[in-house]
Amino acid sequence: SLSNATMHTYQVGPVATLMELELIKQWNALVGFEEGDGVMVSGGSQANLIGMMLARQKAVPNVKEQGLRGKTLVAYISDQAHYSALKAVNVLGIGSENLIAVDSDQEGRILPEALRQAIEDSLSKGHTPFFIGLTAGTTVTGAFDPVAPCAQIAREFDLWLHIDGAWGAPVLFSDSHKHLLADCELADSVAWDAHKLMNVPITAAVILVKQAGLLNQACSGGGSDYLFHHDENADFNLGQRSIQCGRRADALKVWMSWKAI
């Protein structure tokens with residue numbers, strides 16, 4: 001009964017909602033997002049999808065109502081990135097031909113200069129670069145992409161910077177290993193799976209966002225006439241931040257595990 005609660009409004013899952021909000025606060029503190037936001041999701045693939053969705057919202061503010069309107073958006077990942085990026089460009093209407101796999105070094109880390117060159121190549125074609133996806137712990141080799149030089153490129157070209165930390169982000173708990181994810185606070189969003197390195201039962205994942213309110217802008221839509229009411233608890237309704245309606249109370253597993261350890 002405890003784990004079968006749903007999480008679209010505070011009214012139907014008040015205690016689990018408060019748990020999730022506190023977990024997000026603590027996760028954001030580890031990343032360095034001082035005024036961050038977030039919501040728990042079904043896994044790293046959905047977290048990466050939402051990260052790219054937020055980037056699309058930034059690049060085309062009216063995309064929810066008007067679509068891409070002929071724009072060719074281009075996303076950049078390393079050639080070692082997780083395959084969920086391919087799923088994301090499919091779902092979001094970007095197209096796999098507009099997902100650029102940037103060369104990596106011998107250790108599997110993205111090459112910043114190759115990233116810059118790829119962006120400039122897209123601009124020369126009249127396309128619109130919008131998203132850089134870094135990986136904190138690649139699937140095969142466990143490589144951590146360098147954040148600072150890529151963040152500088154993202155700022156230069158005004159692109160969204162996302163970190164897929166599905167399994168590697170928990171190094172932030174470790175004083176001896178957190179240097180692997182140095183400068184992660186420079187990103188705009190971070191994906192994190194508690195059901196990998198943190199050993200929480202599957203599924204338990206989160207998308208963390210540096211700027212509060214953006215999740216609501218990108219993900220909300222509909223349901224106001226029967227589900228999301230403007231009552232005294234409206235600010236606690238996590239469903240408006242999510243692309244799901246029904247969500248399990250995955251926060252309970254993470255909360256109990258974190259407390260125990």
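Hi everyone, let's start with the cysteines: this structure holds zero disulfides. It is a predicted model, so please hear everything I say today in that light. What keeps cysteine 150 unpaired? Its closest cysteine sulfur, in cysteine 184, is 14 Å away, and that is too far for a bond. Cysteine 150 is also buried, at 0% relative accessibility. Cysteine 245 is in no disulfide either, since the nearest cysteine sulfur, the one in cysteine 219, is 13 Å off. Unlike a buried residue, cysteine 245 is partly exposed, with a relative accessible area of 44%.

On to the sheet. In what order do the strands run? Seven strands make an open sheet, and reading across you get β1-β7-β6-β5-β4-β2-β3, with mixed pairing. The edges belong to β1 and β3 (99-102); each has a single partner strand, so one side of each is left without a neighbour in the sheet. Neighbouring strands here are turned against each other by 20 degrees on average, if you ignore direction.

For a look at one pairing, take β2, residues 73-78, and β4, residues 128-135. They pair in the parallel sense, over five bridges. If you want a spot to find on screen, valine 74 stands opposite proline 129 in β4.

Now the nonpolar packing. The largest nonpolar core has 42 residues, and the members touching the most others are Trp27, Ile132, Ile163, Leu181, Trp192, Leu208 and Val254. Apart from that one lies another core, of 32 residues, including Leu68, Ala88, Ile94 and Ile207. Which residues does leucine 181 contact, once neighbours within four places in sequence are set aside? They are Ala136, Phe144, Val147, Ile163, Ala169, Val171 and Leu172.

Let me also show you valine 60. This residue is in the loop between α2 (44-59) and α3 (63-66), and at 8% relative accessibility it counts as buried. Leaving out neighbours within four places in sequence, valine 60 is in contact with Gly67, Leu68, Lys71 and Leu73. You can also compare valine 60 with phenylalanine 130: they are 70 residues apart in sequence, and their C-alpha atoms are 9.3 Å apart in space.

Next, charges. Side chains of opposite charge can pair when their charged atoms come close. How many salt bridges does a search of the whole structure find? It finds ten. I'll walk you through three of the pairs.

The pair I'd open on screen is arginine 241 with aspartate 37, where the closest N and O atoms are 2.7 Å apart. This salt bridge links distant parts of the chain: arginine 241 is in the loop between α7 (214-219) and α8 (251-260), while aspartate 37 is in strand β1 (residues 37-41), and the two are 204 residues apart. Are these partners buried or exposed? Arginine 241 is buried, with a relative accessible area of 14%, and aspartate 37 is buried too, at 7%.

Then there is aspartate 193 with lysine 196, a salt bridge at 2.4 Å from N to O. Aspartate 193 is buried, at 0% relative accessible area, whereas lysine 196 is partly exposed, at 37%. Elsewhere, salt bridges with shared partners join Asp105, Glu107 and Arg109 into one network. Within that trio, arginine 109 and glutamate 107 meet at 3.8 Å, N to O. Arginine 109 is partly exposed, at 32%, and glutamate 107 is exposed, at 52%.

Last stop, some backbone details. Most residues other than glycine have a negative phi, and most peptide bonds are trans. Where does this model depart from that? The peptide bond from isoleucine 202 to threonine 203 is cis, with omega near 0 degrees. Threonine 203 belongs to the loop between β6 (189-193) and β7 (205-209).

Two aspartates come up for their phi values. Aspartate 158 has a positive phi of about 60 degrees although it is not a glycine. You'll find aspartate 158 in the loop between α6 (147-157) and β5 (160-165), and it is exposed, with a relative accessible area of 55%. Aspartate 183 also has a positive phi, near 70 degrees. Aspartate 183 lies in the loop between β5 and β6, and it is partly exposed, at 32%.

That's my tour, thanks for listening!

Methods:
Residues numbered from 1 in each chain as written. Predicted model: local features only at pLDDT ≥ 70, side-chain atom pairs only at ≥ 80, totals over all residues. Heavy atoms only, no water. Core = buried A, V, L, I, M, F, W, Y, C linked by side-chain atoms within 4.5 Å. Buried < 20%, exposed > 50% of the residue type's maximum accessible area, 1.4 Å probe, protein only. Contact = heavy atoms within 4.5 Å. Salt bridge = Lys/Arg side-chain N within 4 Å of Asp/Glu carboxyl O. Helix = DSSP H or I, 4+ residues; strand = E, 2+ residues; numbered from the N terminus. Disulfide = S-S within 2.5 Å. Pairing = 2+ DSSP bridges. Axes fitted to C-alpha atoms, helices over the stretch in contact; angles between N-to-C directions.
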